[in-house]
Amino acid sequence: MADTLFPKATGTMGQPYRRYEAIEKVNGSATYASDVKLAKTAHAYLLTSKIGRGVIRSLDLIKASMIPGVIDILTHQTVGDEIKQTQALYSGGYVADSVRPLGSAEIAYWGQPVAMVVAESFEIAREAAGKIDISYDILEPASSFDSAAAEMEALEPMNMAVGDFSAAFAGAPVKIDARYSTPVQHHNAMELFATQCVWDGDHLTVYEPGQYLNNIKYGLAEQLGIDAERIRIINRYVGGAFGAKGFLTQRTALVAIAARRLGRPVKLVATREQGFFLSAYRAETRHHVQLAADPTGRLIATRHEGWEITSRADTLALGGNAITLRLYACPNIEGRVNVAKTDRSTPGFMRGPGEVPYGFAFESALDELAYALDLDPIELRRVNDTQVEPIAGLPYTSRSLMQCFDAAGTAFGWEKRTAAPGSMRDGDWLVGWGCAAAFYPTQVGNSAARVRLSSDGRVHVSSAGHELGQGMYTMMAQVAAEQLGVPIEQVTVSLGDTDLPPAIVAGGSAGTASVATAIMAACDAIRRRLGLDGAGNGNAVAAMQKSGLGTIEEFAETRAHGLPPESVQGMYRGRVAMSGGVHLPDRAQLTFGAQFAEVRIHARTRELRVSRAVGAFAAGRIINPRTAHGQLVGGMIWGISSALHEQTEIDPRNASYINANLADYLLPVNADIADVQAIMVPEEDNLVNAAGVKGVGEVGTVGMAAAIANAVYHATGKRLRDLPLRIEHVLEEA
Ligand code: MOS
């Protein structure tokens, strides 16, 4: 209920408070899902498929069942139809992939659960799982784009066209026509994929880390065929998620069923390796980008076609070109998206899902165009800057892209750059500087919150939001403190429990904007009950004391701009309701940034380092500069990692991942991350939502890879169009 009574921030919503839960996290008393101790817990272990596609011919459980301490073994023969078919999130459902857990003998991908052993201890369950003999009828899987068995599909509803691209491109004086690719990557947060289930009569409580508690609750109810009101999901803390914990995975219903059969709590902690198959990941992508400009740099034609990987069961298409093609003014535009259906688990969201790979391709091509024009890459973006997106002609609610380039460029020292590739050598090191735009849709969702004000000035705020490490507790406390004019120390927060008012998924960088808005609305209702007009903040406690009331509690739900009324009811059934970005009928809302990288490549060894990175971001109101800074720096580090280190290697014979562990999956260490600076450019946007928040969760990652690849070109004259960028790719100078 966007309303006029929301007062302006007076300070608390903007202070770098320490984390609300800092002490609990440091002293170890914060309980994550697998830390919760339940009496008489049995332990589960998943056995997963060791083929990429086929059918289970036989399962021999005898040796496994004879091990003392084994209680039960779930297989497709004993589960089968007990778990109902549900839709993937992408088709309006809840699950990460729509393959039914232990639903049949069919194997859709390597790593699919084929049995779950339940035993008195984790060790016994693991040992027994290793003694299950399975034989398969094996079919040849499609592992990636070039597999014979992959089915390509052009997604015509995602086509974009403005003007006449082909004619404009053909006649243009300066053009770029290039292909790019990005690899498979996996987010493996510190906290493993854990689930604990306990039944009390016909009521089920689930402890599971998630980015969307109500998704787990309603999806699980559908899978188990029970009333969702009998299910409660709790997670007070999540040890990292980044998109991987935004879905209901294969494991939860299995653990729930095992606990019901046993009449005991059951705990599953999937292994690190299993985490590579259980949930979403960033699949490999391919891109064809064509850009044409006049000699002054003004864009005449842009085209971006993407190829993505999806699974046989579900079609996921991220379509990041819906944004890249709207970044700059241009009269002739064309966009296409294609998917290859493969025998892999369904890919999904990973920090900046479509924006990171499509942004790498487009912002690399733009750098190529700048060199072709002999124009500074910042100036190329300035020449084509626009306050109106060029496809539907909608105004941006706010856009501070060039302010970001100016702020980051100044901090980086860009004016000292000499343009020619290889011209900035420093002794044995080839030095290169590159930059790229960062962008992310400003999405906002429906949320609800409850706020209680007591006459002693204490405030309690609750919403079923999620603390992923991003600072949700702290943000919630700050908003309530400011809106009711109390010191933050007097505010307590509850989140991470489906018994609380429903909140948006902690994804799409939408959490803070959405939940803050609901808290503001609840505080506003309290002020109204106290007869305050909403203009002043400092007098709610005084008014409370005068009123003679002991406690006021108000509940509020908010609907985001662009969402239909029925979406509010959908929120109470675990439906993702989020809008914004480039999918509104009346306006475009995006967060912008500019990112700069310095690379150093050793002349003889070709050692490749990012020696400095500077980013500047304009994201509307920043509620907590400390946690926001952490998000942006963390995003930039991940961007460096995604440019130089991360790649999940696929074995084409069986569509498995070869380096599915944190020893072989290359990640940066401290020595790889030298100097990272994130600048927050002030920006006011009163349209995006009542809080004026645009979100910082993902934008920090988006421009890094292109900035680094562009810097590698500047250092060496060698244009690298395929991530990750490794030493072997810069072995010779151009
Ligand atoms: Mo994010 S990839 O929406 O958690």
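The following points go through helix packing, sheets, one salt bridge and two backbone details of a predicted model.

1. Helix 5, spanning residues 213-224, and helix 6, spanning residues 250-262, have axes that come within 10 Å and cross at roughly 60 degrees. The two helices, helix 5 and helix 6, are therefore oblique to each other, and their crossing is right-handed. On the side of helix 5 the contact involves Ile216, Leu220, Gln223 and Leu224, which meet Thr252, Ala253, Ala256 and Ile257 in helix 6. Sorted by class, the residues of this contact comprise 6 nonpolar and 2 polar, with no charged residue among them.

2. An open sheet is formed by 3 strands in the order 4-2-6, with antiparallel pairing. Its edges are taken by strand 4 (106-107) and strand 6 (133-138), each of which has a single partner strand, so one side of each is left without a neighbour in the sheet. Strand 2, residues 54-60, runs antiparallel to strand 6 and is joined to strand 6 by 6 bridges; within this sheet, leucine 59 stands opposite isoleucine 134 in strand 6.

3. Leucine 102, in the loop between strand 3 (70-75) and strand 4, deserves a look during backbone checks, since this residue has a positive phi of about 45 degrees although it is not a glycine. For context, most residues other than glycine have a negative phi.

4. Across the whole structure, a search finds 48 salt bridges. One salt bridge is formed by arginine 312 with aspartate 343, where the closest N and O atoms are 2.7 Å apart. This pair links distant parts of the chain, 31 residues apart: arginine 312 belongs to the loop between strand 15 (299-311) and helix 8 (321-324), whereas aspartate 343 belongs to the loop between strand 16 (332-342) and helix 9 (355-373).

5. Helix 9 also takes part in a helix contact, packing with helix 18 (residues 704-716) at an angle of about 35 degrees, with the axes 8 Å apart; the crossing of these two helices is right-handed. From helix 9 the contact draws on Gly359, Phe360, Glu363, Ser364, Asp367 and Tyr371, and these meet Ala705, Ala706, Ala709, Asn710, Tyr713 and His714 in helix 18. By class, the residues of this contact divide into 6 nonpolar, 4 polar and 2 charged.

6. A further open sheet consists of 4 strands in the order 17-24-25-28, and its pairing is mixed. Strand 17 (429-441) and strand 28 (676-680) stand at its edges with a single partner strand each, so one side of each is left without a neighbour in the sheet. From one strand to the next, the twist averages 15 degrees. Strand 25, residues 608-618, pairs with strand 28 in the parallel sense over 5 bridges, and phenylalanine 617 has methionine 680 in strand 28 as its bridge partner. Helix 18 packs on this sheet, where helix 18 touches strand 17, strand 24 (590-602) and strand 25, and the direction of helix 18 makes about 155 degrees with that of strand 17.

7. In the segment after helix 18 lies proline 724, which is joined to leucine 723 by a cis peptide bond with omega of about -5 degrees. As a general matter, most peptide bonds are trans.

Key:
Residues are numbered from 1 along each chain as its sequence is written. This is a predicted model: local features need pLDDT of at least 70, side-chain atom pairs count only at pLDDT 80 or more; totals for chains, interfaces and linings use all residues. Side-chain values use heavy atoms; hydrogens and water are left out. Axes are lines fitted to C-alpha atoms, for helices over the stretch in contact, and angles run from 0 to 180 degrees between N-to-C directions. Angles under 35 degrees count as roughly parallel, over 145 as roughly antiparallel, 65 to 115 as roughly perpendicular and the rest as oblique. A crossing is left-handed if the near helix is turned anticlockwise from the far one by less than a right angle, and right-handed if clockwise. Contact means heavy atoms within 4.5 Å. Ala, Val, Leu, Ile, Met, Phe, Trp, Tyr, Cys and Pro count as nonpolar, Asp, Glu, Lys and Arg as charged, and the others, Gly among them, as polar. Two strands pair if DSSP finds at least two bridges between them. A salt bridge is a side-chain nitrogen of Lys or Arg within 4 Å of a carboxyl oxygen of Asp or Glu.
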